[in-house]
Amino acid sequence: MEAYAYAPGKIIICGEHFVVYGATALAAAINRGTTAIAETSPTTTIYSKNLEMQADLSTNKIPEKLKPLAAAISSTKEYLNEKRGVKLTIQSNIPPRSGLGSSSSSAVATVAATALALGHKLSLDEVIELAMSAERLVHRSPSGVDVQVSARGGLLLFKKGAKPQTLTLSKNVSFVVACTGIERKTSDLIERVKVWREENPSLFNSLVESSTVMSHCCADALCLSDLKRAGAILNFFHATLSWLGISIKEIDRIVEAALSSSAYGAKLTGAGGGGSVIILCSEDKVDNVVKEISSISSEAFATPLPNSGVKTWIQKS
Ligand code: PMV
């Protein structure tokens, strides 16, 4: 018997970085994600199809890149008081280190599949808490937004330490996601923002407040399908994040190209320094924007919202 879990990646629509300092962010699950397949086994092993890497958790030789998943399995087994082994295979169609939540969706899918293979059904809150143990290994102090979105799905207003608010769209909205193909480490970018904050503490605190106000405005605009207003807010966020020093010329080039064609708004999403750009345009322009932006990005795709969160199922072999 094989236990499957699928968990989506995410885009942060507004409020990245400021969310680490208590702002409310707006984020959504995307149509790309990670599938984990788990079954009981004499030993606990991990095989990542994307990385073409494996690990046996009974040894000390766990590759660095698989350590977060090893932590997710170990925390889940410990929480369930399980001694049995689990063989876990994982595959994702989210580009890694691209600001699209590949590590959190892997952690969420791993926790859910591991528990199901061992005969347990965890609540969403339990999955989130256990997946956070893996995320803490990836980033030093994650806000938790990635894990919350991956587990719950949909469109969420998120504030660190509080239960997220799920929003309902009056009409489906599509975002275009354009990847720069430039990998970066979230913790390095968080450090850069920390230094900026130390140099400009009062201004930074004020921006944390502005970020909350604007995330709420953007949420209202998206829910009412006022894409022009939502787009204007995205542009303002991009300029602010860029000013904090976390954009790069490849990101700015995509933003400029999107806005000079027909988009209402475009900004970097996630930590910045590489990663991806999100673009908002009218529904009938989505295919064209994907086509135009493809030539200056490593990958561009449309993600209609909303998308569901973690799903689990059993397949009899
Ligand atoms: O690029 P990502 O997916 O690692 O996004 C991180 C978002 C931050 O706000 C920069 C950090 C956080 O923990 O919220």
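**Ligand site and backbone features of the predicted model**

In this predicted model, an oxygen atom of the ligand is 2.6 Å from an N or O atom in the side chain of Lys10. The protein leaves little of the ligand uncovered: of the 390 Å² of accessible area that the ligand has on its own, 97% is covered. Lys10 has company. Arg184 places a polar side-chain atom 2.6 Å from an oxygen atom of the ligand. Ala271 uses its backbone instead: a polar backbone atom of Ala271 lies 2.8 Å from a ligand oxygen atom.

The wider shell was examined next. In total, 17 residues surround the ligand. The closest are Lys10, Ser143, Arg184, Thr186 and Ala271. By type, the shell holds seven nonpolar, six polar and four charged residues.

The ligand takes up the space of the largest pocket. Three elements give two or more residues each to the shell around the ligand. These are strand S1 (2-14), helix H4 (145-152) and helix H5 (186-199). Lys10 falls within the bounds of S1, and Thr186 falls within those of H5. Both residues are also among the closest to the ligand.

The shell draws on two domains. Domain 1 spans 2-166 + 309-315, and domain 2 spans 168-305. Each of them supplies at least three residues to the shell around the ligand.

Two backbone features were also found in the model. The first concerns a peptide bond. Leu305 and Pro306 are joined by a cis peptide bond, with omega of about 5°. Pro306 sits in the loop between strand S11 (299-305) and strand S12 (311-315). Leu305 is the last residue of S11.

The other feature concerns a phi angle. His17 is not a glycine, yet its phi is positive, at about 70°. His17 lies in the loop between S1 and strand S2 (24-41). Strand S1, which comes before this loop, is one of the elements that give two or more residues to the ligand shell.

Technical notes:
Residues numbered from 1 in each chain as written. Predicted model: local features only at pLDDT ≥ 70, side-chain atom pairs only at ≥ 80, totals over all residues. Heavy atoms only, no water. Near = heavy atom within 4 Å. Polar contact = N/O pair within 3.5 Å; in protein donor to acceptor, adjacent residues only side chain to side chain. Areas by Shrake-Rupley, 256 points an atom, 1.4 Å probe, with all protein chains shown as cover. 1 Å grid on protein atoms, 1.4 Å probe; cavity = no way out; pocket = protein on both sides within 12 Å on 5 of 7 lines; lining within 4 Å. Sits in = over half its atoms within 2 Å of the grid points. Helix = DSSP H or I, 4+ residues; strand = E, 2+ residues; numbered from the N terminus. Nonpolar A, V, L, I, M, F, W, Y, C, P; charged D, E, K, R; others polar. Domains from an automatic or database assignment.
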